[in-house]
Amino acid sequence: AYSPDQVHIDRPGSFWQSIWKMIKDTLSTFRSRSFRWHIAMYVAGSGGLWLMSSISTFNFIYVMKKSTTWAAGLGTIMKPFALISAIFAVWVVTKVGDTARPYIWSMFIVISSMLLYCGIWFFHWQELAWLIGVAQMLLSFGEGIAYYVPQANYPYMPDVDELITNRRREGIISGAQTMSGRLVHGIVTMISGTVISATGLVKGRMSQPYSVQLGLVLMMLIGVCGME
């Protein structure tokens, strides 16, 4: 253990020097290959789910042909599956000692959900409410694992960073991860809004042009599956 007088504290001079140092420190975290992989897992898996979350209501109303009340009820019913899958992920990671396989499983589960949603639209199976429920159940189950796995890896990142920099930078590591997440979340939200507007959505109308449905399906098929 170190005594207080052995601990080195960086004291930047001015306010702008502090800002510049914070920026350099944040960017320097990406020198670690492990941290880059961690961030890639975090923003890719979560980014696809954030994109789906931003278009979920539109999907239920205009693609699945359901009411907002029905969609809200289904979302509430399916929430426990995310909790169950997170508990399952904890057990698997502890049992196997590996986070890669559960993460890959979650990607396949989410992609399967998107393909099922697209199949329901393509084959006009919107009347099969149970099939929509299965698609949402898969999404909720994959969501729990996808959100948990990067957080399971995160506690090791400051240790890896310390081996490279010889500094304890938990706060910087946390800031870099939060910054990456906020940036990607903002980008996918902006893109989803832009695409929906470009498809010709008319606010307040239950019946929308075919282009709106196609745009939403392509965002699930290309956007969500592509990020996963």
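How many salt bridges does a search of the whole structure find? I ran that search on the predicted model, and the count came to seven salt bridges.

**Entry 1: the salt bridges around Asp25**

I began with Asp25, which I located in helix α1, residues 15-28. I wanted to know whether its side chain was buried or exposed. At 11% relative accessibility Asp25 counts as buried, because the cut-off for that class is under 20%. Leaving aside the neighbours within four places in sequence, I found Asp25 in contact with Arg167, Arg169 and Ile172.

I then looked at the two arginines in turn. Arg167 forms a salt bridge with Asp25, and the closest N and O atoms of that pair are 3.5 Å apart. Arg167 lies in the loop between α6 and α7 while Asp25 is in helix α1, so this pair ties together parts of the chain that are 142 residues apart in sequence. For Arg167 I noted a relative accessible area of 31%, which makes it partly exposed.

Asp25 also forms a salt bridge with Arg169, where the closest N and O atoms are 3.6 Å apart. This pair, too, links distant parts of the chain, since Asp25 sits in helix α1 and Arg169 in the loop between α6 and α7, 144 residues apart. Arg169 has 3% relative accessibility and therefore counts as buried.

Which residue meets Arg169 in a salt bridge of 2.8 Å, N to O? I found that it is Asp161, and I noted that Asp161 and Arg169 are both buried. Putting the pairs together, I recorded a network of salt bridges that links Lys21, Asp25, Asp161, Arg167 and Arg169.

**Entry 2: helix α8**

Next I checked the length of helix α8, which runs over residues 210-227. With 18 residues at 1.5 Å a residue, α8 should span 26 Å, and I noted that its end C-alpha atoms are 25 Å apart, which agrees. I also looked for bends, and found a kink of about 30 degrees in α8, centred on Met219.

Which residues of α8 are buried? My list holds Val212, Gln213, Gly215, Leu216, Val217, Met219, Met220, Val224 and Cys225, so the residue at the centre of the kink, Met219, is among the buried ones, being under the 20% cut-off. When I asked what covers these buried residues, I found that the cover includes α2 (33-63), α4 (100-122) and α7 (170-198).

I then turned to the surface, where Leu115, Tyr210, Leu214, Leu218, Leu221 and Ile222 form a nonpolar patch with about 560 Å² of accessible area together. The largest share of this patch, five residues, comes from α8. An α-helix has 3.6 residues a turn, so residues three or four places apart point the same way. I looked up one member of the patch separately: Leu218 lies in helix α8, and at 37% relative accessibility it counts as partly exposed.

**Entry 3: positive phi angles**

Finally I examined two residues with a positive phi. His124 has a positive phi of about 60 degrees although it is not a glycine, and I placed it in the loop between α4 and α5 (129-153). Its relative accessible area of 64% makes His124 exposed.

Asn166, likewise not a glycine, has a positive phi of about 60 degrees. I found Asn166 in the loop between α6 (157-165) and α7, where at 67% relative accessibility it counts as exposed.

Note on methods
Residues are numbered from 1 along each chain as its sequence is written. This is a predicted model: local features need pLDDT of at least 70, side-chain atom pairs count only at pLDDT 80 or more; totals for chains, interfaces and linings use all residues. Side-chain values use heavy atoms; hydrogens and water are left out. Helices (H or I, at least four residues) and strands (E, at least two) are DSSP runs, numbered from the N terminus. The expected span of a helix is 1.5 Å times one less than its number of residues. The bend at a residue is the angle between axes fitted to the seven residues ending there and the seven starting there. Buried means under 20% relative accessible area, exposed over 50%, partly exposed in between (1.4 Å probe, protein chains only). Contact means heavy atoms within 4.5 Å. Patches are made of residues with over 30% relative accessible area and no salt bridge: like charges are joined within 9 Å, nonpolar side chains (Val, Leu, Ile, Met, Phe, Trp, Tyr) within 5 Å. Accessible areas come from the Shrake-Rupley method with a 1.4 Å probe; for residues, only the protein chains shown count as cover. A salt bridge is a side-chain nitrogen of Lys or Arg within 4 Å of a carboxyl oxygen of Asp or Glu.
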